[in-house]
Amino acid sequence: MLAVFEKSVAKSPEALRSPASDSVWALKDGILARHFSSVYPGSVIVNLGSAGLLAYSVEKQNPLLPRLFAVVDDIFCLFQGHIENVAQLKQQYGLNKAANEVSIVIEAYRTLRDRGPYPADQVVRDIQGKFVFVLYDSSSKTAFLASDADGSVPFHWGTDSEGQLVLSDDVEIMKKGCGKSFAPFPTGCFFTTSGGLRSFEHPLNEVKPVPRVDSSGHVCGADFKVDEEARKESSGMPRVGSAANWSTDY
């Protein structure tokens, strides 16, 4: 899978940028999308306009961790992996028996966005299994992405030469787009347009970057770790009774 988001949708953390990176401008002339298509013939490229792009292929995938894609209304979602508590989540979100993993993620997000009863960290924590997902809401121009607590599905994030966020399960695709400016996406975490990176396992703690160093001693991105000593400031109770969208707060 591949996702590239323009900075206004998902600003990549500055700590991911390597001083000696040879990254490219991923969205210019579709350079990274074309490279993805050459590696995965028959892949599907979804143009999100000025917001970026999504791409996926069913080739070269682990049959136990399949890639899924769906669009519901204005919500686009790429999902890879397997959810173990599908039946429970279908019941929780009022979905029919035909709903699959990507449908569940979209409905979970939509419930959150439309002022559901749970905070974002609990919505992700309720999903049990091996998974990553990348979601884009074109109605609010927001992104929402997450990786399971065990890092069961390969997933990387990085920054291109223009500071745009690049995501993929393929290391070679990341090297093409980001040079040395990428790292594994932190496990047990989720990222939103407005809230940045947060841990759904430890929602009260800060997530901080630790520089990565390659075998040559060069800094290449950063690993993000939960700081057990640093607590996030409480924002108080969520607002109620307004038309405000939860996706702007979480």
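Two strands count as paired if DSSP finds at least two bridges between them. The exercises below apply this criterion and others to a predicted model.

**Exercise 1. Establish whether S1 and S3 are paired or unpaired, and in which direction they run.**

Solution.
- Step 1. Locate the elements: strand S1 covers residues 2–5 and strand S3 covers residues 52–56.
- Step 2. Take the bridges: four of them join S1 to S3. The criterion asks for at least two bridges, so the strands are paired.
- Step 3. Assign the direction: S1 and S3 run antiparallel.
- Step 4. Fix the register with one residue: alanine 3 has leucine 54 as its bridge partner in S3.

**Exercise 2. Describe the open sheet that contains S1, and the helices that lie on it.**

Solution.
- Step 1. Write the strand order: the six strands follow one another as S2-S3-S1-S9-S8-S10, with antiparallel pairing.
- Step 2. Identify the edges: strand S2 (44–47) and strand S10 (182–184) each pair on one side only.
- Step 3. Add the twist, which averages 15° from one strand to the next.
- Step 4. Place helix H1 (residues 31–39): this helix lies across S1, S2, S3 and strand S9 (165–168), and runs at about 180° to S1.
- Step 5. Place helix H5 (residues 171–178): H5 touches S1, strand S8 (156–159), S9 and S10, and its direction makes about 5° with that of S8.

**Exercise 3. Characterise the hairpin formed by S4 and S5.**

Solution.
- Step 1. Strand S4 (residues 67–72) and strand S5 (residues 75–83) run antiparallel and are joined by six bridges.
- Step 2. One of the partnerships links arginine 67 with glutamine 80 in S5.
- Step 3. Two residues lie between the strands, and aspartate 73 in the turn has a positive phi of about 55°.

**Exercise 4. Specify the packing of H2 against H3.**

Solution.
- Step 1. Two packed helices are described by the angle between their axes and the distance between the axes.
- Step 2. For helix H2 (residues 86–93) and helix H3 (residues 101–113), the angle is about 40° and the axes are 10 Å apart.
- Step 3. The crossing of H2 and H3 is left-handed.
- Step 4. Val86, Leu89, Lys90 and Tyr93 in H2 meet Glu101, Ile104, Glu107, Ala108 and Thr111 in H3.
- Step 5. By class, this contact holds five nonpolar, one polar and three charged residues.

**Exercise 5. Analyse the lining of the second largest pocket.**

Solution.
- Step 1. The volume of the second largest pocket is about 180 Å³.
- Step 2. Its lining has 14 residues, and Phe185, Pro186, Thr187, Phe224 and Lys225 lie nearest the centre.
- Step 3. Strand S14 (residues 219–231) gives the most to this lining, with four residues.
- Step 4. The lining divides into seven nonpolar, four polar and three charged residues.

Terms used: Residues numbered from 1 in each chain as written. Predicted model: local features only at pLDDT ≥ 70, side-chain atom pairs only at ≥ 80, totals over all residues. Heavy atoms only, no water. Axes fitted to C-alpha atoms, helices over the stretch in contact; angles between N-to-C directions. Left-handed = near helix turned anticlockwise from the far one by under 90°. Contact = heavy atoms within 4.5 Å. Nonpolar A, V, L, I, M, F, W, Y, C, P; charged D, E, K, R; others polar. 1 Å grid on protein atoms, 1.4 Å probe; cavity = no way out; pocket = protein on both sides within 12 Å on 5 of 7 lines; lining within 4 Å. Points joined across faces, edges and corners; volume = space filled by probe spheres on them.
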